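Reader: I'm new to this one, and I'd rather look closely at a single part than skim everything. Could you pick a spot and walk me through what it packs against?

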Amino acid sequence: MNSTAHAKQTASEVVPETVSTHFSAEDAAKRNAVERRAPHTWEQRVNEIGGLRGLVLRVGLGPPEMYAKSTKWADQPVPVVNNISEHIFVWKFIIPPMLMQWISYKVFPDLHWHPVAAFVPYAFFFILLAALTIKRFHNYMLEYGTFDQENRGRDHISDKRHMRLATGAVIFLIFRVVGLFAYSYDRTVAPTLSVWLPLKIFAFEVILDYAFYCYHRSCHQVKWLWNIHSGHHAAKHPTPVQAIQADSFQEVIELFIVPTIAYLSTGFDFFDLWPISCVLIFTEIYGHSGVRVYFPTLASSFLWWWGGELCVEDHDLHHRYGRSGQSYGKQTRVWDSIFGTCAEREDTEEYAIIGPKRVKKQKVA
Ligand SMILES: [Zn+2]
Ligand SMILES: [Zn+2]
C-alpha cells in the first residue's frame with residue numbers, strides 16, 4: 001500500500017512553498033531509505049547508568065526488533081483498534097491519587113493536603129503513567145509494526161544525545177506536575193469529577209494545540225527557531241521516549257509557555273487539569289511511537305468528516321520529512337485542517353476519507 005515512489009510523490013507535494021528547507025522531501029525519502037545510524041553504544045551499558053536518568057533510559061530503550069526493518073506489515077491495511085482499553089489504562093492512573101485525597105478529606109475534613117504533600121502521590125502516578133505508556137507502546141510496536149518499517153526501523157537514541165534526553169525527560173515530567181500545582185491547586189477543595197470533563201478535555205486540547213500550532217509552525221518556517229526545534233527532529237522515526245527529545249530552550253517554551261497559555265485561557269480547576277494532563281502525556285507519548293494502527297477517539301466521529309482528527313501517522317510523517325514536514329498539531333488536526341497544513345497520509349488516508357466507523361475493523365494476525 002505504501003511504495004517509495006508514492007512516498008516521493010507525496011513528499012514533494014507536502015513541501016510548503018514558503019519554506020526554505022534544509023533538504024528537500026525527496027532527499028528525505030532517500031535519506032530515510034539508507035540505514036545510517038549514529039553510534040548508540042550506551043545501550044550495551046544501560047544497566048550501568050545510575051540514578052533517575054539511568055531509569056529513564058532503561059524504560060525508553062525498546063526491544064531490538066523495534067529498531068529493525070520489517071516487511072511483515074508492508075502490504076496490509078492499517079488496522080483500526082478500539083481504544084476503550086486505552087481510556088481504561090489512563091484512568092487507572094488518574095483515579096488513585098484523587099481517590100486517596102477524596103477519602104482523606106471525607107475522613108479528616110479539617111486536614112487539607114499541603115501542596116508539597118499532595119505533589120508526591122500525583123507526581124508518582126503521573127511518572128508511572130508515562131513509564132508504563134512507553135512500555136505499553138513498545139509492545140504495540142512489535143504487535144502491529146510501525147509506519148515505514150519496510151524502509152527503516154525506529155531510530156536509536158545516539159550516544160551524543162542519550163544523557164541529554166534523560167535529563168530533559170526528568171525535568172519535563174516533574175515540572176509538568178509542578179506547573180499543574182502552581183496554576184491550579186487549592187488545598188481547601190476536595191476532589192470532584194466534572195460531568196463536563198470529556199468536553200473540557202477536548203476544549204483544552206484544541207486551545208493548547210492552537211498555541212502549540214503557532215509556535216511549532218513558526219519553528220519550521222523561521223530559521224533561528226528551526227535551529228532550536230531541530231533537536232526534536234533528530235529522530236526521523238521516533239520512539240515513545242523521544243516525545244521529549246528537545247533542546248533546552250525548546251523545553252522551556254513547551255514546558256511552560258505553551259501550557260501556561262492554555263491554563264490561563266481555560267481557567268479550569270485542578271481536578272479538571274489533572275486528568276487533562278494525564279491524557280496529554282499519554283497522547284504525546286503514543287504520538288511518537290509510529291505504531292501502525294488507527295485509534296479512533298471519542299471525538300473521531302465528529303472530526304473525521306472534515307479531517308480534524310489526528311492519527312499516529314500524522315506526527316510520524318512530520319518527523320520523517322524533517323523541516324519540510326507538515327501537520328504541526330500535537331493533540332488534534334483541527335488547526336492544520338483550518339490553515340491547510342495537513343500532510344497527505346500515506347497509509348491511513350482511507351480512514352480520513354470514509355471515516356473510522358465505516359471501516360471494517362481488522363487486526364493484524
Ligand atoms: Zn516539528
Ligand atoms: Zn515530535
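**Around helix α5**

Author: Let's start wide: of the 365 residues of the protein chain, 44% count as buried (buried means 20 or more other C-beta atoms, placed from the backbone, within 10 Å of the residue's own; 12 or fewer is exposed, and in between is partly exposed). Keep in mind that this is a predicted model, where local features need pLDDT of at least 70 and side-chain atom pairs count only at pLDDT 80 or more, while totals for chains, interfaces and linings use all residues. Residues are numbered from 1 along each chain as its sequence is written, and chains are lettered from A and ligands numbered from 1 in the order in which they are written.

The chain has 14 helices and zero strands (DSSP runs numbered from the N terminus: H or I of at least four residues for helices, E of at least two for strands). Among contacts with a separation of 6 or more, 80% join residues 24 or more positions apart (a contact means C-beta atoms, placed from the backbone, within 7 Å).

Now for α5, starting with its partner α4. Helix α4 (residues 84-107) packs with α5 at about 170 degrees, their axes 10 Å apart (axes are lines fitted to C-alpha atoms, for helices over the stretch in contact, and angles run from 0 to 180 degrees between N-to-C directions). The two are therefore roughly antiparallel (over 145 degrees; under 35 is roughly parallel, 65 to 115 roughly perpendicular, the rest oblique). On the α4 side you'll find F89, V90, F93, P96, P97, M100 and Q101, and these meet A118, P121, Y122, F125, L128, L129 and R136 of α5. Sorted by class, that's 12 nonpolar, one polar and one charged (Ala, Val, Leu, Ile, Met, Phe, Trp, Tyr, Cys and Pro are nonpolar; Asp, Glu, Lys and Arg charged; the others, Gly among them, polar).

Next comes α6. Helix α5 (residues 115-144) and helix α6 (residues 162-184) meet at about 135 degrees, with axes 9 Å apart, so they are oblique to each other. Their crossing is right-handed (the near helix is turned clockwise from the far one by less than a right angle; anticlockwise would be left-handed). From α5 come P115, F119, Y122, A123, F126, I127 and A130, and from α6 come L173, I174, R176, V177 and F181. By class, this contact has 11 nonpolar residues, no polar ones and one charged.

Between α5 and α6 runs a loop, and R152 sits in it. R152 is buried because 22 other C-beta atoms lie within 10 Å. Although R152 and H237 are 85 residues apart in sequence, their C-alpha atoms are 7.9 Å apart in space.

Helix α3 belongs in this picture too. In α3 (residues 51-60), V56, L57, V59 and G60 are buried. They span an arc of only 160 degrees around the axis, so they lie on the same side of α3 (the arc is that of the directions from the helix axis to the C-beta atoms). Their cover includes α5 and α6.

Finally, follow α6 onward to α10. Helix α10 (residues 270-287) packs with α6 at about 160 degrees, axes 10 Å apart, so this pair is roughly antiparallel, and its crossing is right-handed. Here R176, L180 and S184 of α6 touch F270, L273, W274, S277 and I281 of α10. That contact has five nonpolar, two polar and one charged residues.

Terms used:
Contact = placed C-beta atoms within 7 Å.
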